[in-house]
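Please open the model in a viewer and keep a selection tool at hand. The stops below are given in the order in which they may be selected.

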Amino acid sequence: MRKIISVLLLLTTVAMLFSSCANMRGEEETTPPAESVTKEPETETETETETETETETETETETETETETEVVTQTEPEPIRVTELTLDKYEVTIFVGGFDMPWVTMQPSDATDKSEIWSSNNTSVATVDWYGNIYGVSPGDCTVTVKSADNPDAFADVAVHVKEKPPETTAADTTAAPEPETTPPANTGAAKYEPAPPVSGFPGLTYINGILIANKTYALPSDYNPGVDGTAYAALMDMFAGAASEGISLWIASGFRSYDTQNWLYNNYVAMDGKALADTYSARPGHSEHQTGLAFDLNIVADYFANTPEGIWLANNCWKYGFIIRYPAGKEGVTGYKYEPWHVRYLGTDLSTAVYNSGLCLEEYLGITSVYGY
Ligand SMILES: [Zn+2]
């Protein structure tokens with residue numbers, strides 16, 4: 001017992017010496033390191049020594065119990081690590097321009113950080129975005145990998161096969177001499193792309209001049225979840241083929257987005273950049289044109305895309321296939337969005353040609369606004 005007391009006294013002396021040494025140093029320098037280095041131990045030592053010096057009759061076991069309890073408290077807030085990552089499918093076959101998304105499950109289900117990191121080992125065959133949408137770029141095979149951000153040992157590979165898009169099933173087949181497959185629609189507008197057929201019986205959709213509108217003024221219902229529109233997708237594939245025949249490679253960076261996806265995305269941007277800035281480049285849920293299934297982000301979602309051969313080709317030619325550059329340069333005040341050279345909207349060739357020739361953005365052409373009312 002005496003031994004313990006003398007050890008404790010020694011500790012107290014050391015602690016006192018330490019603190020007086022710390023006080024002797026310059027104020028500015030010592031304050032932060034002294035705090036950060038000795039914060040917890042200091043408090044513990046002081047408490048222990050005080051208690052024990054005062055009550056010399058305390059038993060050894062009591063002291064030990066105290067220390068043990070403290071250790072337990074310190075280890076409590078450990079995060080729950082991801083131990084296992086599985087997918088609903090480990091192989092996907094998609095067409096050029098198409099996409100698919102394996103579903104990820106991480107164990108344990110209450111893991112603290114379940115973020116995913118996606119990568120493709122050959123982005124000229126297939127790319128993958130941060131949600132896990134795998135997009136077919138050109139025919140071939142590659143591997144897409146998803147890992148847990150928390151535990152890189154928890155990962156899975158997806159074997160990706162990208163196939164050439166099958167030929168369109170035209171009514172005339174090959175006998176009736178339709179346009180040769182390699183010839184894109186002529187510049188004169190020989191090929192006509194009809195607007196997507198209106199959706200009937202879905203309350204809350206706004207059609208203006210037969211066109212489904214989603215902008216800052218007009219929202220889509222949260223349960224409107226149509227997926228990519230078939231008419232728009234077929235026209236997009238024709239445009240990809242037309243571009244390819246001129247040596248231009250286009251691909252989908254982002255297509256249909258559900259209300260929930262947009263909600264998640266927008267809230268992430270708000271957390272990152274604040275609401276005011278996020279509103280200039282990301283739509284609030286229900287207001288995204290991607291939720292219509294009629295809009296696509298192509299190739300590179302970055303300002304410099306406008307100056308690439310692909311971006312220039314898209315700006316000059318997309319109207320021939322029924323698309324417009326939806327948020328043109330210089331129209332930020334009308335569309336409510338900064339210039340997005342990568343974002344195209346399908347309208348059908350009648351309207352896309354008219355809008356293109358007018359030099360107006362869609363809001364101006366239709367005489368509508370795009371302003372949040374809340
Ligand atoms: Zn977009």
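Select helix α7, residues 309-317, in this predicted model. Its buried residues are E310, G311 and L314. Viewed along the axis of α7, these buried residues stay within an arc of 100 degrees and so line one face of the helix. An α-helix has 3.6 residues a turn, so positions three or four places apart point the same way. Rotate to the face of α7 turned away from the buried side, where the exposed residues P309 and N316 are carried. To see what the buried side packs against, add β13 (295-298) and β15 (343-346) to the selection.

**The loop before α7**

Move next to N299, which is found in the loop between β13 and α7. Is N299 buried or exposed? N299 counts as buried because 20 C-beta neighbours lie inside 10 Å, and 20 is the number at which a residue is called buried. Its backbone also merits inspection: phi of N299 is near 55 degrees, a positive value in a residue other than glycine. Most residues other than glycine have a negative phi.

**A second positive phi**

Now select N209, in the loop between β10 (207-208) and β11 (211-212). Here too phi is near 55 degrees, and N209 is not a glycine. N209 is exposed, because 12 other C-beta atoms lie within 10 Å and the exposed class takes in counts of 12 or fewer. Add L351 and display the C-alpha atoms: those of N209 and L351 are separated by 9.5 Å, although the two residues are 142 positions apart along the chain.

**The largest nonpolar core**

Select A126, V160, M239, C318, I324 and V344 together. Within the largest nonpolar core, which has 59 residues, these six touch the most other members. Helix α4 (residues 230-244) provides the largest share of this core, seven residues. Domain 2 (84-163) and domain 3 (207-366) each supply at least three residues to the core. In soluble globular proteins, nonpolar side chains tend to be buried together.

Centre the view on I324. Which residues is I324 in contact with, leaving aside its neighbours within four places in sequence? The contacts are C318, W319, V344, R345, L347, S352, V355, Y356 and L362. Of these, C318 and V344 are also among the six core residues selected above.

**The four-stranded sheet**

Turn to the open sheet of four strands, ordered β2-β9-β8-β5, in which the pairing is mixed. At its edges stand β2 (91-95) and β5, each with a single partner strand, so one side of each has no neighbour in the sheet. On average, neighbouring strands of this sheet are turned by 25 degrees against each other, direction ignored.

The pairings can be followed one at a time:

- β2 and β9 run parallel and are joined by five bridges; F95 has K163 in β9 as its bridge partner.
- β8 and β9 (residues 155-163) pair in the antiparallel sense over eight bridges; K147 has F155 in β9 as its bridge partner. A hairpin of six residues joins β8 to β9.
- β5 and β8 (residues 140-148) pair in the antiparallel sense over five bridges, and S119 stands opposite T145 in β8.

**A cis peptide bond**

Select Q107 and P108 next. The peptide bond joining Q107 to P108 is cis, with omega about -5 degrees. P108 is found in the loop that runs between β4 (104-107) and β5 (116-120). Most peptide bonds are trans.

**The three-stranded sheet**

A further open sheet has three strands in the order β3-β7-β6, with antiparallel pairing. Which strands are at the edges? They are β3 (99-100) and β6 (126-128), each pairing on one side only. Between β3 and β7 (residues 134-136) there are two bridges in the antiparallel sense, and D100 stands opposite I134 in β7.

**The whole chain**

Finally, display the complete chain. Its secondary structure comes to 10 helices and 15 strands. Buried residues make up 29% of its 374 residues. Among the contacts in the chain with a separation of 6 or more, 68% are between residues 24 or more positions apart.

Terms used:
Residues are numbered from 1 along each chain as its sequence is written. This is a predicted model: local features need pLDDT of at least 70, side-chain atom pairs count only at pLDDT 80 or more; totals for chains, interfaces and linings use all residues. A nonpolar core is a set of buried Ala, Val, Leu, Ile, Met, Phe, Trp, Tyr and Cys residues joined through C-beta atoms within 7 Å. Domain bounds come from an automatic or database domain assignment. Two residues are in contact if their C-beta atoms, placed from the backbone, lie within 7 Å. The arc is that of the directions from the helix axis to the C-beta atoms. Two strands pair if DSSP finds at least two bridges between them. Axes are lines fitted to C-alpha atoms, for helices over the stretch in contact, and angles run from 0 to 180 degrees between N-to-C directions.
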